[in-house]
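Biologist: I would like to learn how to read salt bridges, pockets and cavities in a model. Could you take me through them one at a time?

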Amino acid sequence: MTTGSQSLPARPAWKGLEAHYGKVRDLHLRKLFADDPTRGERMTAEAVGIYLDYSKNRITDESLKLLLQLAEESGLRARIDAMFRGEKINITENRAVLHVALRAPRGATIVVDGENVVPQVHAVLNKMADFSSRVRSGDWRGHTGKRIRNFINIGIGGSDLGPVMAYEALKYYSERAMTFRFVSNVDGTDLAEATRDLDPAETMFIASSKTFTTLETMTNAQSARDWALRGLRGDVKAVARHFVAVSTNAAKVSEFGIDTANMFGFWDWVGGRYSMDSAIGLSTMLAIGPENFRALLDGFHQMDEHFRTTPFERNLPVLMGLLSIWYNDFFGAQTVAVLPYEQYLKRFPAYLQQLTMESNGKRVTIDGTPVDYPTGQIYWGEPGTNGQHSFYQLIHQGTRLIPCDFIAFGQPLNSLGRHHDMLLANVFAQTEALAFGKTPAEVKAEGTPDWLVPHRVFEGNRPSNTILAERLTPETLGKLVALYEHSVFTQGTIWNIDSFDQWGVELGKVLAQRIIPELESKAEPELKHDTSTNALIRRYRKLKETSR
C-alpha cells in the first residue's frame with residue numbers, strides 16, 4: 001500500500017517545511033515565549049489522562065500547520081483506518097498489523113481473512129487468567145507438590161523487552177511473595193545467574209517463542225530443562241509441571257515435554273515488539289494478576305481510540321510523531337532522549353529502542369525505492385534524576401541537538417517526605433534550563449570572571465516534550481506504550497516505509513547458524529568467510545583448546 005505516487009520530498013507540505021525551516025531554524029525559544037504570553041498553555045494537548053506540553057519545541061503555529069498538512073498529504077488518516085480494519089498493511093510479509101485487537105473490548109469486531117479475531121483474543125486472555133489465578137492461589141503445584149514461587153521468562157526481543165519493562169514498571173502492583181526473572185541472552189551467564197539460587201521444585205519457566213525454534217530462546221529453554229530435571233531426579237514428567245509455552249507450534253511444544261493445554265498462542269498479525277499485551281505478557285499477568293492486566297489493556301485501548309478518532313491537531317501520538325519528523329528530517333537530530341522521572345520506568349527507554357528502531361530503521365519505501373531522507377531516530381535514556389549526573393551535560397552544552405521526552409507523574413507510588421516534590425522540581429527545572437539556558441549577560445551579572453563566562457553559558461533552545469499523568473498505574477502504562485506505538489506508526493506512514501517487518505535482524509542470524517558448526521567441529525573446518533572472520537574463528541578455536 002503506497003500513500004500516493006508522489007515521493008515525500010515532492011509533497012507540497014514537505015517543500016513548505018523546507019522553506020519554513022530556513023526562516024525559523026535560528027529562532028530562539030526565548031523569543032517564541034516572549035512574543036506569545038499564552039504559548040505555555042496554548043501548545044498543549046490532553047487526552048485519556050495524559051497531558052502533553054509541547055510548547056518548548058522549536059516550532060511556530062506555521063510549523064505545526066505545515067506538519068499537520070504533511071500528515072494529511074501522506075494519507076495518515078486512511079492508513080490508520082486500514083490498520084484498524086485489519087488490512088494487510090505489513091506488505092513485505094503480507095500480514096495485518098493488529099496489536100490494537102489485543103486490547104479491543106469483548107464484543108468488538110475486527111476482521112482478518114473473513115474472521116472476527118476479537119473472540120480469539122478473549123479466549124486466550126481467559127485461558128491466561130484461569131492459569132494465572134491457579135498459580136497465584138497455590139492450586140497449581142510443582143512436580144513434588146511444592147508451591148511455585150519463582151518464575152523465569154525465557155524469550156528474546158519482543159518476547160523479553162516487553163515483559164521485563166512491564167514487570168519493572170508495575171512492580172508496585174506485583175505479588176511480592178513471587179520472584180520473577182527474565183532470561184534472553186544466549187550467553188550462558190544470563191541463565192546461570194537467573195537460576196543459581198532457586199529451588200527447581202518451586203520454579204516455573206515460561207518459554208516464549210512463536211515458532212518454538214528461535215535459536216537463543218530454545219537454547220536457553222533446553223538448558224533450563226536440563227537444570228530443572230537435575231533438581232527433580234530426572235523425571236521427564238516434571239517438565240509439564242514446571243514449563244509452559246507461549247507459542248503457536250504445538251508439535252514442538254509437545255516434543256519439548258510441555259502439555260499443550262498449557263500453551264498460550266498468538267497470531268502472525270502480532271509483531272514481536274507489539275506483543276507485550278498478548279500471551280507474551282503471561283509473566284506480567286502472573287505478577288500483577290488478571291484484574292490489573294485487564295486494566296493495562298484498557299489503557300492501551302483508550303489511547304488506541306484517541307489515536308483513531310481525534311483530529312490530528314489534538315492527537316497526542318500524531319503530534320509527537322510529527323515533532324520527531326521535524327527534528328529528524330529538518331534539524332538533522334539523530335537521537336531522542338526518553339527521560340522518565342519515575343524509577344519504576346527504568347527499562348522504558350530500552351523497551352522503546354526496539355519499538356522505534358526496529359520499526360523505522362528502514363532504507364527503502366514500501367514499494368522498494370531507496371529513501372532520500374533520514375528515517376528512524378536512535379532512542380535512548382535513563383530515569384531522572386540519575387541521567388542529570390551523567391549525560392545531561394552533553395544535552396545542555398554539547399554540540400548536538402537532542403530532543404527530549406520528559407515523563408512524570410503527579411502522585412508518587414511511594415510517598416517519602418519531600419522526595420516527590422524534589423523529583424518534579426527537577427523535571428520542570430530541566431525543561432526550563434534546556435529551553436531558555438543562561439546568557440553571557442546573566443552569567444556576568446553573577447560576578448563570574450570574564451575568562452570563565454563562556455564555560456558557564458547555556459545556549460538553551462534545546463527542545464523537549466513534557467508528558468504528565470496522575471499516577472503510574474497499569475492503565476497508565478498501557479496508555480504510555482500505545483502513545484509511542486502510534487507515534488512510531490505516524491512517522492512510518494509519513495516516511496512511506498513498512499514499520500512492521502524487521503528483515504534487518506535476519507542476515508546475522510543466518511550467518512551465525514553457518515558459523516556454529518565451524519566453531520564446534522573437532523576437525524579443522526574449511527572456512528570460506530572473509531579473511532577477518534576466518535582469522536577470528538581460528539583464534540577462537542585456539543582459545544577453546546587452551547581452556548580444556
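Modeller: We will go through salt bridges, then pockets, then cavities, and end with a single loop residue. Please keep in mind throughout that this is a predicted model.

Biologist: How many salt bridges does the count come to?

Modeller: The rule asks for a side-chain nitrogen of Lys or Arg within 4 Å of a carboxyl oxygen of Asp or Glu, and by this rule the count comes to 24 salt bridges.

Biologist: Which residues are linked in a network of salt bridges?

Modeller: The network of salt bridges links R103, D277, D304 and E485. The residue D277 will come back later, since it also belongs to the lining of the second largest cavity.

Biologist: How far apart in helix α20 are E475 and K479, which meet in a salt bridge?

Modeller: These two residues sit four residues apart in helix α20, which covers residues 474-495, and so they are separated by about one helical turn. Their side chains meet in a salt bridge at 3.0 Å, taken from N to O. The two partners fall into separate classes of accessibility, because under 20% relative accessible area counts as buried: K479 is buried at 7%, whereas E475, with a relative accessible area of 27%, is partly exposed.

Biologist: Is K528, in its salt bridge with E526, buried or exposed?

Modeller: K528 is exposed, with a relative accessible area of 62%, and E526 is likewise exposed at 62%. The closest N and O atoms of this salt bridge are 3.9 Å apart, which is within the 4 Å cut-off. For another case, take K438 and E446, whose side chains meet in a salt bridge at 2.9 Å, N to O; here K438 is partly exposed at 25% relative accessible area, and E446 is also partly exposed, at 47%.

Biologist: Let us turn to pockets. How much space lies in the largest pocket, and which residues lie nearest its centre?

Modeller: A pocket, as the term is used here, is an open set of grid points, whereas a cavity is one from which the probe cannot get out. The largest pocket holds about 1100 Å³ of space, and of the 40 residues that line it, T214, Q502, V505, E506 and K509 lie nearest the centre. Two or more lining residues come from each of α7 (158-169), α9 (215-231), α15 (348-360) and α21 (506-520), and α21 has the largest share, with five residues. By class, the lining divides into 14 nonpolar, 17 polar and nine charged residues.

Biologist: Which helix gives the most to the lining of the second largest pocket?

Modeller: That is helix α17, residues 419-436, which gives five residues to the lining. The second largest pocket contains about 500 Å³ of space, and among the 19 residues lining this pocket, E342, Q343, N414, H419 and L423 are the closest to its centre. Its lining consists of seven nonpolar, eight polar and four charged residues.

Biologist: And how many cavities of 30 Å³ or more does a search of the whole structure find?

Modeller: The search finds four. The largest cavity has a volume of about 120 Å³, and it is lined by 15 residues, with S324, V336, P403, D405 and N465 the closest to its centre. Helices α14 (316-331) and α20, together with strands β12 (404-409) and β13 (464-469), each supply at least two residues of this lining, and the largest share, four residues, comes from α14. The lining has eight nonpolar, six polar and one charged residues.

Biologist: Which residues line the second largest cavity?

Modeller: The lining is made up of L102, V121, V124, L125, M128, G265, W267, D277, S278 and A279, and they surround about 50 Å³ of space. Seven of them are nonpolar, two polar and one charged.

Biologist: Finally, where does N315 lie, and what does its side chain reach?

Modeller: A loop residue is worth reading through its accessibility and its contacts together. N315 lies in the loop between α13 (290-309) and α14, yet it is buried, with a relative accessible area of 0%. Its side chain reaches the backbone oxygen of F307 at 3.0 Å. Once neighbours within four places in sequence are left aside, N315 is in contact with H306, F307 and T310.

Methods. Residues are numbered from 1 along each chain as its sequence is written. This is a predicted model: local features need pLDDT of at least 70, side-chain atom pairs count only at pLDDT 80 or more; totals for chains, interfaces and linings use all residues. Side-chain values use heavy atoms; hydrogens and water are left out. Buried means under 20% relative accessible area, exposed over 50%, partly exposed in between (1.4 Å probe, protein chains only). On a 1 Å grid over the protein atoms alone, a cavity is a set of points where a 1.4 Å probe fits but cannot get out, and a pocket is an open set with protein on both sides within 12 Å along at least five of seven lines; lining residues have an atom within 4 Å of a point. Grid points are joined across faces, edges and corners, and a volume is the space filled by probe spheres set on the points. Ala, Val, Leu, Ile, Met, Phe, Trp, Tyr, Cys and Pro count as nonpolar, Asp, Glu, Lys and Arg as charged, and the others, Gly among them, as polar. A polar contact is a pair of N or O atoms within 3.5 Å; within protein, one must be able to donate a hydrogen and the other to accept it, and residues adjacent in sequence count only if both atoms are side-chain atoms. Contact means heavy atoms within 4.5 Å.
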